[in-house]
Amino acid sequence: MENGSPGNDLKTLTPTVRCNGTPPTPALREGPYYKPDTPCRTSFRGDVAGGVPMLLHGAVRTPEGKPIGGTLLDFWQVGDTGVYDDDGFRLRGHQFADAEGRWRLETVLPAVYPGRTRHVHVKVQPPGGTVLTTMLYFPGERRNHLDKYFRPECLMDVRETSEGWDAAFTFVLDV
């Protein structure tokens with residue numbers, strides 16, 4: 001995926017967790033680029049002029065597979081230039097999962113930048129629960145094994161579509 005397209009092994013990937021006793025999604029570091037008080041929104045596409053379109057979507061579930069509606073999801077990422085916005089809220093925002101625990105974000109494929117593999121940051125907080133800070137990763141990335149924060153449990157199910165990339169992930173929260 002180094003040149004803006006996911007790896008060649010996408011057709012044979014196992015989808016992200018399907019619950020039924022699945023362990024919770026692991027916590028990962030926040031990193032130095034998190035900003036609180038992000039705007040509520042479901043699309044980052046207007047934030048950047050370029051970039052490969054990506055639909056990032058999924059659900060929030062208990063380890064037994066029950067949906068966790070109303071969960072807060074706060075996303076931040078780089079665009080195709082590999083730089084975080086420190087001045088405003090480009091490629092940053094939060095939303096709430098629907099009653100069935102589903103969520104959807106229209107964004108762009110994040111770039112690879114020095115020292116890191118391609119990823120998206122997210123904070124996930126169920127109603128009345130504690131915050132899980134983690135990152136989502138792309139399968140087939142050459143640099144995954146070099147990134148000290150990479151966790152295979154945080155790999156998304158990614159496929160190419162006629163509109164861009166489609167990436168799915170199910171967060172499993174121990175509530």
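How many bridges join β7 to β8, and do these strands run parallel or antiparallel? In the predicted model, β7 and β8 are joined by five bridges and run antiparallel. One residue pair in this arrangement is Glu-160 with Trp-165, the latter being the bridge partner in β8.

The protein chain contains eight strands and zero helices. Read from the N terminus, the order of elements is accordingly β-β-β-β-β-β-β-β. The average pLDDT of the protein chain is 90, and 88% of the residues score at least 70. Residues 7-19 have a pLDDT below 50, although this stretch has 27 contacts in the model beyond near neighbours in sequence. Where pLDDT is low, the predicted coordinates should not be read in detail. Of the 175 residues of the protein chain, 50% count as buried. Among contacts between residues at least 6 apart in sequence, 73% join residues at least 24 apart.

The pair β7 and β8 belongs to an open sheet of four strands, in the order β4-β1-β8-β7, with mixed pairing. The edges of this sheet are taken by β4 (102-108) and β7 (157-161); each has a single partner strand, so one side of each is left without a neighbour in the sheet. From one strand to the next, the twist averages 20°.

Another open sheet is formed by four strands in the order β3-β2-β5-β6, and the pairing here is antiparallel. Its edge strands, β3 and β6, each pair on one side only. Neighbouring strands of this sheet are turned by 25° against each other on average, direction ignored.

Within the antiparallel sheet, β2 (residues 72-76) pairs with β3 (residues 92-96) through five bridges. Five bridges also join β2 to β5, and these two strands run antiparallel. Trp-76 takes part in both pairings: Arg-92 stands opposite in β3, and His-121 stands opposite in β5. Asp-74 stands opposite Lys-123 in β5. Four of the five residues of β2 are buried, so this strand is largely enclosed by the rest of the structure.

On the other side of the pairing order, β5 is joined to β6 by six bridges, and the two strands run antiparallel. His-119 has Tyr-137 as its bridge partner in β6. The two strands form a hairpin with six residues between them, and in the turn Gly-128 has a positive phi of about 75°. Although β6 is an edge strand, six of its six residues (132-137) are buried. Leu-132, Thr-134 and Leu-136 point one way from β6, whereas Thr-133, Met-135 and Tyr-137 point the other way, and all are buried.

His-121 is found in β5, which spans residues 119-125. Its relative accessible area is 3%, and His-121 therefore counts as buried, the cut-off being under 20%. The side chain of His-121 makes a polar contact with the side chain of His-119 at 3.1 Å. Leaving aside neighbours within four places in sequence, His-121 is in contact with Glu-30, Asp-74, Phe-75, Trp-76, Tyr-84, Arg-116, Thr-134 and Met-135. Two residues of this list recur in the pairings of β2: Trp-76 stands opposite His-121, and Asp-74 stands opposite Lys-123. Thr-134 and Met-135, also in contact with His-121, point opposite ways from β6.

The UniProt record, in an unreviewed entry, places the feature "domain: Intradiol ring-cleavage dioxygenases" at residues 56-84. In the model, this span is 0% helix and 38% strand, and its end C-alpha atoms lie 18 Å apart.

Val-175 lies in the segment after β8 (164-172). Its relative accessibility is 64%, and Val-175 therefore counts as exposed, the cut-off being over 50%. Not counting residues up to four places away in sequence, Val-175 touches Thr-62, Ile-68 and Pro-126. Val-175 and Gly-129 are 46 residues apart in sequence, while their C-alpha atoms are 7.0 Å apart in space.

Notes. Residues are numbered from 1 along each chain as its sequence is written. This is a predicted model: local features need pLDDT of at least 70, side-chain atom pairs count only at pLDDT 80 or more; totals for chains, interfaces and linings use all residues. Side-chain values use heavy atoms; hydrogens and water are left out. pLDDT is the predictor's confidence in each residue, from 0 to 100. Contact means heavy atoms within 4.5 Å. Buried means under 20% relative accessible area, exposed over 50%, partly exposed in between (1.4 Å probe, protein chains only). UniProt positions are given in the numbering used here, feature names are shortened, and annotations may be inferred rather than shown by experiment. A polar contact is a pair of N or O atoms within 3.5 Å; within protein, one must be able to donate a hydrogen and the other to accept it, and residues adjacent in sequence count only if both atoms are side-chain atoms. Two strands pair if DSSP finds at least two bridges between them. Axes are lines fitted to C-alpha atoms, for helices over the stretch in contact, and angles run from 0 to 180 degrees between N-to-C directions.
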